[in-house]
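Here is a friendly walk through how some structural labels are earned. Have a look first, and then the questions begin.

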Amino acid sequence: MILKLKRTPALFLVGFMGAGKSTVGRALARNLGWRFADLDEDIESREQLPIAQIFEERGEEAFRQAEAAALLRRIHDVSRGVPWVVAVGGGCFTRTENVDLIQNHGVSIWLDAPLELIRARVAAHSHRPLARDPQRFAELFEQRRADYQRADYRIGVSAGGSHAAVEEILALPIF
Ligand code: S3P
């Protein structure tokens, strides 16, 4: 196992909405016998509100603050040395302070799915507030690629199950 993972054994799955971070993350954790956390679920259970409602009632910036706080709590878990796979929401890895925390406490993996696949998975009437305007959605997709490129590894995702992505991650030279 590489030194970074020995110190803080965590894999962070980053990437755009609908790339499959939660599904792949869950399967990966099962395979490794590691724990799994989904940051969006952490936020919803902490705030006792669905994400869409947090956006509507408090605004995106309040959501981003809740997200940063949720990440920090997971970083504390990881720092105790228990291995975790953590799937983070699509906007998490676009904020420098989050990127720094993730890069200093584990290995980041970008699940990179093409926009057509993402569009098919994420319906416009989605519970995801940022997916409602198709034009803005496509702009965000392009804009965020530069952020996701900061991840340690990139895994290309194609249609089909999560199996191939999990296998590719397990074959990375980090374990
Ligand atoms: C967001 C992605 C969502 C969720 C929120 C904002 C984003 O998570 O955190 O709706 O900014 O891309 P998923 O990437 O899991 O859909």
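Q: What makes strand S1 and strand S3 a pair, and in which sense do they run?
A: Two strands pair if DSSP finds at least two bridges between them. S1 (residues 10–14) and S3 (residues 84–87) have 4 bridges, in the parallel sense, so they count as paired. Along this pairing, Ala10 stands opposite Trp84 in S3. The strands themselves are DSSP runs (E, at least two residues), while helices are runs of H or I with at least four, and both are numbered from the N terminus. This is a predicted model, in which local features need pLDDT of at least 70 and side-chain atom pairs pLDDT 80 or more, while totals for chains, interfaces and linings use all residues. Residues are numbered from 1 along each chain as its sequence is written, and side-chain values use heavy atoms, without hydrogens and water.

Q: In what order do the strands of the open sheet lie, and which are the edge strands?
A: The order of the 5 strands is S2-S3-S1-S4-S5, with parallel pairing. S2 (35–38) and S5 (153–156) each pair on one side only, which makes them the edge strands.

Q: How do you know that H3 meets H4, and which residues are involved?
A: Contact means heavy atoms within 4.5 Å. Asp40, Ile43, Glu44 and Glu47 in H3 meet Ile51, Ile54 and Arg58 in H4. By class, this contact has 3 nonpolar, no polar and 4 charged residues. Here Ala, Val, Leu, Ile, Met, Phe, Trp, Tyr, Cys and Pro count as nonpolar, Asp, Glu, Lys and Arg as charged, and the others, Gly among them, as polar.

Q: Why is the pair of Phe16 and Phe141 called edge-to-face?
A: Rings of Phe, Tyr and Trp (its six-membered ring) pair if their centres lie within 6.5 Å; planes under 30 degrees apart are stacked, over 60 edge-to-face and the rest tilted. Phe16 and Phe141 lie 5.3 Å centre to centre, with 85° between the planes, so both cut-offs for an edge-to-face pair are met. Phe16 lies in the loop between S1 and H2 and Phe141 in H8 (residues 134–148), so the pair ties together parts that are 125 residues apart in sequence.

Q: How many aromatic pairs does this rule give?
A: The count comes to 5 aromatic pairs.
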